[in-house]
Every structure is written in structure tokens, then in C-alpha cells.
Amino acid sequence: MAETLTTVSTEAFAAQVDDPDHQILDVRPIAAYNGWSLQGESRGGHVPGAKSLPLQWTQYMDWVEVLDEKGLSTDTPVTVYGYTPADGAEMADKLTRLGFEAVGAYEHVLEEWVPDPDRPLRRLERYEQLVYPDWVHDLVSGGQPPGMKGDEYVLCHAHFDYPQDYADGHIPGAIPLNTNDLESPETWNRRPPEELKAALEAHGIRHDTTVVLYGRFSYPTYDQDYPAQSAGHLGAMRCAALMLYAGVEDVKILNGGISTWESAGYELSTDDMTPTPVDDFGTEVPAHPEYMIDVEGAQDLLAADGGDLVSVRSWAEFIGERSGYHYIDETGRIPGAVFGNCGSDAYHMENYRNFDYTTREFPEIAEKWAEEGITPDKRIAFYCGTGWRGSEAFMNAYLMGWPHVAVYDGGWYEWSSHPDTPTATGVPA
């Protein structure tokens with residue numbers, strides 16, 4: 001630890017927050033950054049403009065790469081804050097050792113900043129839908145964690161037609177949820193309303209049941225026969241979007257999936273849990289038809305002012321170098337679609353996730369979208385090859401509280417096989 005540490009007062013910190021040439025780092029857990037009050041503070045959220053760099057990330061060998069991703073250079077003045085002075089001092093020391101020339105620490109975020117209503121805090125609009133391991137542990141242990149609505153819940157371990165993924169280990173009390181129960185393996189589109197309703201009822205889910213979803217990420221590659229079997233947390237995002245469409249009112253995602261549960265030190269179970277079916281979902285399905293659009297809706301959106309169809313695919317897919325899927329022969333894109341850049345391929349979402357698989361900080365996602373003209377005042381529909389990546393992007397916008405978002409459910413698979421839809425390849429003008 002460095003022998004001296006520059007600490008700043010609340011007034012000095014406020015001036016730094018307003019200085020575009022000064023960077024603020026929030027080193028608390030990402031759940032606190034998003035809005036959860038993990039230490040009983042009266043207000044949750046982060047200081048506006050702060051970037052999230054949890055101290056726990058420094059346990060990973062490649063955490064230094066995050067500094068580059070966030071545009072931090074050693075000559076950038078930085079002030080860090082955490083829940084305790086020791087946390088801030090530890091991160092400040094690490095940055096100093098990396099060559100950062102001007103590093104300070106603000107130690108009074110809990111005592112002076114948070115209690116003062118005149119000091120701004122920003123949080124994820126629907127942060128209570130993005131839960132963390134301790135929250136889930138409290139739930140399955142019989143507690144009533146904050147943000148829990150009612151007493152009934154179902155915890156789902158999502159997988160793509162791969163029961164062994166569940167059998168290998170799951171969060172205690174979780175039931176298996178095959179993505180094929182909610183989407184058709186012939187078209188990869190959502191199942192018809194009556195089938196969706198029946199599937200949810202069979203899993204013990206009513207419209208007013210709290211559903212917590214997660215999956216396992218196991219490094220899928222195109223060389224696998226079924227890469228989606230290794231992309232379970234992406235499948236969980238797909239199931240979340242489909243449940244919202246159907247009408248489940250309280251859908252929650254375990255941020256980072258099962259890997260964050262294990263990183264928190266919690267045990268897995270191999271007990272086979274059987275769902276308890278319910279007689280009636282309790283409301284009409286779909287309760288939110290606006291969350292999904294089909295070919296006609298995509299065409300209307302492309303032709304209309306004030307809206308965007310966003311391609312959440314890799315650049316190679318977007319320009320037509322490859323389709324990205326074993327079962328899709330056609331390559332290219334939908335003309336007029338905006339590039340939403342998922343990451344490397346059809347089974348990864350690096351540009352929407354941190355390296356520990358948690359959702360990337362929401363101001364960062366919104367900023368990247370804004371560079372492409374993707375803004376919350378527009379009607380936005382996300383699509384990919386068949387709906388999984390589009391659903392994860394949709395869930396990001398939904399968590400941010402964007403009011404007019406949807407998934408173009410058929411995606412490239414449906415569009416490219418439709419007789420009356422144009423396609424394009426190459427780099428757009």
C-alpha cells in the first residue's frame with residue numbers, strides 16, 4: 001500500500017464530478033452501482049458519470065484490460081470511492097502502481113453524499129429486476145429479500161435442450177427450464193400464445209409469480225454441434241423476454257448467471273427439483289404483444305420515422321461474411337438496419353457484458369447505442385439470427401426503462417427466407 005493517499009472533501013469531489021476531464025471510479029459491487037442499497041444506505045445508485053470498476057475484479061489477472069475498455073489512461077486524473085475508506089485506498093494504490101499520475105479517494109460517500117438529497121445519484125431504472133447472488137441466496141434460504149413482490153417465486157435454470165447442464169449442478173431449489181418450452185425448435189420463434197401459457201403453467205408460473213432466471217456460460221464455439229448448449233445465460237435472457245411478452249409481471253435475472261453464484265462462494269446442488277404446476281396463468285397471453293414484432297412489424301419500422309431496427313449481430317454477420325449459424329445458409333443483413341454489435345459471433349455478447357459475464361454498466365451501453373442513433377425516444381426493435389441476442393439487448397433496454405422496445409422475433413433466419421424481403425451484403429455506405 002502506498003504510504004500517502006490524497007483524499008478529497010465532499011465539495012472538492014462535487015467539483016470533480018462536474019469536470020469532464022476528471023474520471024470517477026465506483027469500486028463497490030456492481031449491484032450497488034446499479035441501485036441496490038447493500039449497506040442499508042437511504043439512497044441507492046452511483047455518482048453521475050462514475051464508471052463501475054468493482055474492487056473484486058482486481059482478483060482476475062486480466063482486470064487491467066478493463067481500464068483500456070473504459071478509456072482510462074495513466075495521465076487521466078482519477079478519484080475512486082467505495083463503501084469503506086479501505087476499499088477506495090486499495091484501488092487507489094493499485095492504480096498508482098500501474099502508473100496513474102493523479103489518483104485520489106473520496107471517503108464520505110455513505111456519510112455525506114448519499115444522505116444529502118441535493119447530491120445527485122443515478123441508478124438503473126429497473127435495477128430490482130437485475131439481482132445479485134446474495135439476494136438469490138436470501139430468497140432460497142427462506143428470506144424476504146428487498147424488491148421481492150409477494151411470497152411466490154420460481155427459480156429457473158435455463159438451458160437449450162441439454163438436461164445435463166442442470167444435472168451437473170444448479171442453484172439449490174432451481175427447476176430446469178428448456179428454452180424449447182418457450183420457443184419453437186422449427187422456427188426459433190416464440191411459441192403460440194396457448195402453448196406459451198401451457199408451458200408457464202406447467203412450470204408453476206402465474207402472471208403474478210416472481211420468476212428468477214439464470215443460466216451457465218460454457219464458452220460456446222461454432223465448431224460445436226450445438227453451441228447454444230454452452231450459452232445458457234443467453235438463453236435465460238431469451239426466456240426472460242418471452243415471459244415479459246406473455247405477461248409475467250416480475251421477471252428477474254441473476255446478474256452474471258451461475259458463475260457469479262459460484263464466485264460468491266455458494267454451493268451448487270444436484271438434487272432434481274420438479275416444478276409444481278398451476279391451474280391457470282391468470283391473465284390473457286400475450287399480455288404485452290408490443291414486446292415482440294414479426295416481419296410486417298419490422299417492415300413498418302424500417303419505413304417509419306422515429307424508429308430503428310437494430311441488428312445485434314457480429315460485424316462479420318452484418319456485412320455477410322458468414323451467417324453465424326449451422327442451419328442458416330443465407331448471409332447478409334436487413335437493409336436499413338442499424339448495427340448493434342453483439343461482439344465476436346452468434347453465441348457471445350462481449351459488448352453487452354463484463355468479463356465476469358455481468359451486464360455491462362448501463363450508461364456505457366446507452367452511450368454506445370447513442371453513437372449509432374439508438375435512443376430511448378424512438379421505437380426500437382432488436383433482432384439477431386433467431387432471437388437470443390436480440391432478447392438480451394431488449395432486456396438491457398427494458399432494465400433501463402426505455403418505453404418503446406421490442407424484439408423482432410424472427411430475425412435474420414425468418415427475414416432471409418421470406419419471399420418478399422430484400423437483403424444486403426458488404427459494408428454499408
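The buried residues of helix H6 are covered by elements that include strand S6 (130-131), strand S7 (153-159), strand S9 (210-214), strand S10 (250-254) and helix H10 (258-263). The model described here is a predicted one, and the points below take up helix H6, the largest pocket and two sheets. One open sheet of five strands has the order S1-S5-S4-S2-S3, and another open sheet of five strands has the order S11-S15-S14-S12-S13, with parallel pairing stated for the former and for the latter.

**Helix H6 and its surroundings**

- Helix H6 spans residues 133-140, and within this helix Pro133, Trp135, Val136 and Leu139 are buried.
- These buried residues cover an arc of only 160° around the axis, which means that they lie on the same side of H6.
- An α-helix has 3.6 residues a turn, so residues three or four places apart point the same way.
- Just after H6 comes glycine 142, whose phi is positive, at about 95°.

**The largest pocket**

- The largest pocket holds about 730 Å³ of space, and its lining is made up of 30 residues, of which Gln56, Pro133, Thr260, Ser263 and Ala264 lie nearest the centre.
- Helix H2 (30-34), H6 and H10 are the elements that give two or more residues to this lining, and the largest share, three residues, comes from H10.
- Pro133 therefore appears in two of these descriptions, as a buried residue of H6, where "buried" stands for under 20% relative accessible area, and as one of the residues nearest the centre of the largest pocket.

**The sheet S1-S5-S4-S2-S3**

- At the edges of this sheet stand strand S1 (6-8) and strand S3 (51-52), each of which has a single partner strand, so that one side of each is left without a neighbour in the sheet.
- Helix H1 (residues 10-17) packs on the sheet and touches S1, strand S2 (23-26), S4 and S5, while its direction makes about 90° with that of S1.
- Strand S4 (residues 78-81) pairs with strand S5 (residues 103-106) in the parallel sense over three bridges, and in this pairing valine 78 stands opposite valine 103 in S5.
- Helix H4 (residues 85-97) lies across S2, S4 and S5, and runs at about 150° to S4.

**The sheet S11-S15-S14-S12-S13**

- The edge strands here are strand S11 (292-293) and S13, each of which pairs on one side only.
- S11 pairs with strand S15 (residues 405-408) in the parallel sense over two bridges, and methionine 292 stands opposite valine 407 in S15.
- Helix H14 (residues 388-399) packs on the sheet, where it touches S14 and S15, and its direction makes about 175° with that of S15.

**Strand S12 within that sheet**

- Strand S12 (residues 307-311) is largely enclosed by the rest of the structure, because five of its five residues are buried.
- Gly307, Leu309 and Ser311 point one way from S12, whereas Asp308 and Val310 point the other way, and all of them are buried.
- S12 pairs with strand S14 (residues 379-383) in the parallel sense over five bridges, with leucine 309 standing opposite alanine 381 in S14.
- S12 is also joined by two bridges to strand S13 (residues 338-339), and the two run parallel, with serine 311 standing opposite phenylalanine 339 in S13.

Technical notes. Residues are numbered from 1 along each chain as its sequence is written. This is a predicted model: local features need pLDDT of at least 70, side-chain atom pairs count only at pLDDT 80 or more; totals for chains, interfaces and linings use all residues. Side-chain values use heavy atoms; hydrogens and water are left out. Two strands pair if DSSP finds at least two bridges between them. Helices (H or I, at least four residues) and strands (E, at least two) are DSSP runs, numbered from the N terminus. Contact means heavy atoms within 4.5 Å. Axes are lines fitted to C-alpha atoms, for helices over the stretch in contact, and angles run from 0 to 180 degrees between N-to-C directions. Buried means under 20% relative accessible area, exposed over 50%, partly exposed in between (1.4 Å probe, protein chains only). The arc is that of the directions from the helix axis to the C-beta atoms. On a 1 Å grid over the protein atoms alone, a cavity is a set of points where a 1.4 Å probe fits but cannot get out, and a pocket is an open set with protein on both sides within 12 Å along at least five of seven lines; lining residues have an atom within 4 Å of a point. Grid points are joined across faces, edges and corners, and a volume is the space filled by probe spheres set on the points.
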